[in-house]
Amino acid sequence: MKLLQVCLLTAVLSACSSIAPKTEPASEDNIAGIAPGQPVSDTAPTLQAEPVPEEEFTEPLAPATSWDRVVRNFGLELDTSNSRVKRHMDWYIRHPRHLEQVSDRARRYLHYIASEVERREIPGELALLPVVESAFDPFAYSHGRASGVWQFIPSTGRAYGLHQDWWHDGRRDIRSATNAALNYLEYLAGRFDGDWMLALASYNSGAGTVRKAIRKNKRKGLDTDFWSLDLPKETRAYVPKLVAISYLLKHREDYDIAWRDIEDAPYFAIVPTGGQIDLSQVAELADTDLDEIYRLNPQFNRWATHPDGPHEVLIPATQEFIYRENLANLDENSRLKWQRYVVRSGDSLITIARKHNITAEVVRSANQLKSDTIYAGQQLLIPSALKAGGEYGLSLSERLTRKQNAGQTANRSQRVDYRVKNGDSFWKIARMYDTSVNKLSRWNGMAPGDPLRVGQKLTIWTTESDGQREEVRKVYYKVRSGDNLSTIGSRFNVTVSDIKRWNSSKLGGRYLKPGQNLTLYVDVIR
């Protein structure tokens, strides 16, 4: 009987020990239920590990805003002890309104750019490069002929597939230019063994310039990191600006800068158009302001999409359903307006195009002409806008008109509309009207290096003094025996230094020779 009681007691105690709570948390030393420091017996039973609580496997929280997505992918060293970085940080802190305006513009584009940067697994700071390049202005155009939020110059844009013509400038296309810029930056990083600082410097000044600076430092036995290189002034400031902006964004709770919250969700939807379409029609189909359509599609120079496609546009994501519904019911003849023009005697494609504010190439393409030959009585189709020109406020022509009108100041109040002639240049026209090349190009929304076209209209703002202005003419003067630069200058009321500058390629020697031809620019009114 006693033996039976002992057996029953042993069984009860064994059962109790199997359900007793563990007081020692599992660790690498006691994962099998062995006390820390206790030797493990070869015959010790193998126990199953406690399941890890489910919350330890949860996905990281999604970023609250697109800014958070950018910061989450930061990968550069944000050293703010560098004097160049600190200088730019101080400027942004003193001018908080600048970054507030930038973040307001960025709300349309940041989610797309941040998502592309993240997809490529490259430093998140690159999504902030448009802040430095263009302040996120899709219509920005620099003195160096760079355009769009990523500021591509024409040649680099074409090299990366950004087509540019009368209808369309791919450098301003948000999706195409973003992908081209990131492709270019990845290529540059590859050339510099993954050094993103040198890649960024090369994006600004060219890989050749950076390579040259590296070779120079190597010859001197100096370091070849970005901070040690002797680079152009603009490039030396370029990377520190990005570092400063990135640091301020990462620590934005510490600074009095109102970065606009940008929802971490697509701002725009990509929708089909079914062919070339007037942008005012797109705005109506999407029940959206026309200016908003232009800001989402800044690549379109005119009133309509490109005739050759791609036949799609961006609209606010919230409007996609209503747009698709309205597009399905759109009359095919309502997407674009055409005028019929009957060719008259003496007409040419150029004169017809000029009458309708388009180009000869547009007329040729719209009518599938294989040459410029036309004949009297021939009917041509001319594409035109559905609405008055002023309705398309962010088209290239309307933006240009505002720039030209903005040139008026208190001391420059007389406007001259000048038609470019054969042989004209910015320098020559600027001299004729006593102004600078920079002002002349700025008044006309151009860069000093942009080519001029014969027949192109330029706006010039001149001073109103005595109602007179100089009228400069190009004069060819053949040097006579006994002439010198001083006597020639006195005769034509120009300076010796001007004569030397105008004829720098001809005046290699010290003395003039009889019969030598000089070019002079003479005010014929004086």
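The following legends describe close-up views of a predicted model.

**View 1. Surroundings of T65 in the loop between helix 1 and helix 2.** T65 belongs to the loop that joins helix 1 (2-19) to helix 2 (66-72). The relative accessible area of T65 is 11%, and T65 is therefore classed as buried, the cut-off being under 20%. A polar atom of the T65 side chain lies 3.3 Å from the backbone nitrogen of W67. Apart from residues up to four places away in sequence, T65 touches R252, D261, I262 and D264.

**View 2. Helix 9 and the elements that cover it.** Helix 9 spans residues 196-205 and is mostly covered, with 8 of its 10 residues buried. The buried residues of this helix are W196, M197, L198, A199, L200, A201, S202 and Y203. Their cover includes helix 6 (129-134), helix 8 (174-191), helix 10 (207-220) and helix 11 (233-250).

**View 3. The two ends of helix 9.** At the N-terminal end, D195 acts as a cap: one of its side-chain oxygens lies 3.0 Å from the backbone nitrogen of M197. M197 is itself among the buried residues of helix 9. After helix 9 comes G206, which has a positive phi, near 100 degrees.

**View 4. The second largest pocket.** This pocket holds about 580 Å³ of space. Its lining consists of 24 residues, of which E133, A146, Q151, N204 and E234 are the closest to the pocket centre. Helix 6, helix 9 and helix 11 are the elements that each give two or more residues to the lining. Helix 11 supplies the largest share, with 5 residues. By residue class, the lining of the second largest pocket comprises 10 nonpolar, 11 polar and 3 charged residues. Helix 6 and helix 11 also appear in View 2, where they are among the elements covering the buried residues of helix 9.

**View 5. V475 in strand 7.** V475 is placed in strand 7, which runs through residues 472-478. With a relative accessible area of 22%, V475 is partly exposed, because a residue counts as buried under 20% and as exposed over 50%. Leaving out neighbours within four places in sequence, V475 is in contact with L518, T519, L520 and V522. The C-alpha atoms of V475 and F492 are 9.8 Å apart in space, while the two residues are 17 residues apart in sequence.

Terms used:
Residues numbered from 1 in each chain as written. Predicted model: local features only at pLDDT ≥ 70, side-chain atom pairs only at ≥ 80, totals over all residues. Heavy atoms only, no water. Helix = DSSP H or I, 4+ residues; strand = E, 2+ residues; numbered from the N terminus. Buried < 20%, exposed > 50% of the residue type's maximum accessible area, 1.4 Å probe, protein only. Polar contact = N/O pair within 3.5 Å; in protein donor to acceptor, adjacent residues only side chain to side chain. Contact = heavy atoms within 4.5 Å. 1 Å grid on protein atoms, 1.4 Å probe; cavity = no way out; pocket = protein on both sides within 12 Å on 5 of 7 lines; lining within 4 Å. Points joined across faces, edges and corners; volume = space filled by probe spheres on them. Nonpolar A, V, L, I, M, F, W, Y, C, P; charged D, E, K, R; others polar.
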